[in-house]
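Work through the following exercises with the sequence and the model side by side. Each one sets a task and then solves it step by step.

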Amino acid sequence: MSAASAEASATATAELSGRRVHVKVPATSANLGPGFDTLGLALAQYDELDVEVGGEGLRIEVHGVGAGEVPLDESHLVVRAITHTLAHYDRDLPPLKLVARNAIPHGRGLGSSGAAIVAGVMAARGLLAPEVEISPDELLELATELEGHPDNVAPALFGGLTIAWVTPEGPRHKKLMVHRGVSPLVLVPEHEMSTALARSLQPQSVPHEDAVFNVSRSALLVAALIQSPELLLAATEDKLHQRYRAEAMPETDRLIRVLRDAGHAAVVSGAGPSILVLASDPSERADAVRLVEESAETAWQALPLAVDFLGATVTRVDEA
């Protein structure tokens, strides 16, 4: 960077001084059974973030999930996402105070890393406005550059049910509204699961008939979620990824079999080990909770969650 460019960047960064934003980001569940790396659903469990520009250096507080565990320096994922976004628009990271209040479980297949990335991208968006306007496609591209794939960051950004795909021009998404009869239930175990480990168990190729099977179920799942919830059990069948990962999370696999045998549309949530049940009414959720309580060998937390239709939000607090 030339001296003139560096000076311009420093001037632009200084303009952010005193700005404060509040960010709220939903949890997500990706794949939803057959929609591997494509379908995602936003859920009403939230991480919240307050960011203030000013003071000296970088100061981070973490409350709730991850407190005492996540790094409190520039390697914090939210800070990395803020830095990445600001750099894209020729700004340096200014002195920041960041306060995170987390409710999304870590390492459980509920999009916690995607939520952190989206929180950082949205915080930067709020700090840069109105001088810089970041479009939805730009938000998705920035978040995907850090996450590596758009299936979690798309629903975290935009809410609802999202279909995400990648083009030569970058990632794209389509948001759909979920039928009001769909009642999600997330069953969360005490143990974590590494996304990298889960992906390492996935083969590079699958039988042609399995690919065709999943294409049909993915198409059916979109119809079931937006129009015909009575088809959810059939629509959540999968031959592409869950059975390959089963050995890494045997109780998850066993409980999904128990739930599906009883008629519940149960799938691995993201990379696991949590279970997502897409119930067609609230009473079905209660039956699924009872069944897991009777069948589980370890403790599982039941989270009956609504679908989040709004996605991530950012508010300029200093202008309120």
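**Exercise 1. A helix and its length**

What span should the 17 residues of helix 3 (residues 112-128) have at 1.5 Å a residue, and how far apart are its end C-alpha atoms?

Solution. The model is a predicted one, in which local features need pLDDT of at least 70 and side-chain atom pairs count only at pLDDT 80 or more, while totals for chains, interfaces and linings use all residues. Residues are numbered from 1 along each chain as its sequence is written, and side-chain values use heavy atoms, with hydrogens and water left out.

Step one is to fix the element: helices (H or I, at least four residues) and strands (E, at least two) are DSSP runs, numbered from the N terminus. Step two is the rule, by which the expected span is 1.5 Å times one less than the number of residues. For helix 3 this gives 24 Å, and because its end C-alpha atoms are also 24 Å apart, expectation and model agree.

Step three asks about the surroundings, where buried means under 20% relative accessible area, exposed over 50%, and partly exposed in between (1.4 Å probe, protein chains only). Of the 17 residues of helix 3, 15 are buried, so the helix is largely enclosed by the rest of the structure.

**Exercise 2. The overall fold**

Describe the protein as a whole, from its secondary structure to its contacts.

Solution. Begin with the count, which comes to 11 helices and 11 strands. The radius of gyration (taken over C-alpha atoms) is 20 Å, close to the 20 Å that the globule rule (2.2 Å times the number of residues to the power 0.38) gives for 320 residues, so the protein is as compact as a globular protein of that length. Along its principal axes, the C-alpha trace spans about 65 × 40 × 35 Å.

Next, consider burial and contacts: 52% of the 320 residues count as buried. With contact taken as heavy atoms within 4.5 Å, 75% of the contacts between residues at least 6 apart in sequence join residues at least 24 apart.

**Exercise 3. The surroundings of Asp151**

Is Asp151 buried or exposed, and which residues does Asp151 touch?

Solution. First place Asp151 in the loop between helix 4 (136-147) and helix 5 (153-158). Asp151 has a relative accessible area of 2%, and therefore counts as buried.

Then list the neighbours: leaving aside residues up to four places away in sequence, Asp151 touches Ala30, Asn31, Asp37, Thr38, Leu39, Gly40 and Ala164. Its side chain also makes a polar contact of 2.5 Å with that of His149, where a polar contact is a pair of N or O atoms within 3.5 Å; within protein, one must be able to donate a hydrogen and the other to accept it, and residues adjacent in sequence count only if both atoms are side-chain atoms.

Finally, look at Thr144 in helix 4, which is buried at 11% relative accessible area. Not counting residues up to four places away in sequence, Thr144 touches His149, Pro150, Val153 and Pro171.

**Exercise 4. Backbone exceptions**

Which residues does a cis peptide bond with omega of about 5 degrees join, and what is phi of Asn31?

Solution. As background, most residues other than glycine have a negative phi, and most peptide bonds are trans. One cis bond joins Ala129 and Pro130, with Pro130 in the loop between helix 3 and helix 4. Another joins Gly272 and Pro273, with Pro273 in the loop between strand 8 (266-268) and strand 9 (275-279).

Turning to phi, Asn31 has a positive value near 80 degrees, and Leu32 a positive value of about 55 degrees, although it is not a glycine. Asn31 is found in the loop between strand 1 (20-30) and strand 2 (39-53), as is Leu32. Asn31 is buried at 3% relative accessibility, and Leu32 is buried at 0%.

**Exercise 5. Charges over rings**

Where do the charged ends of lysines sit over rings, given that NZ of Lys or CZ of Arg must be within 6 Å of the ring centre and within 35 degrees of the ring normal?

Solution. Lys24 lies over the face of Tyr46, at 4.4 Å from the ring centre. The charged end of Lys239 sits over the ring of Phe213, 4.5 Å from its centre.
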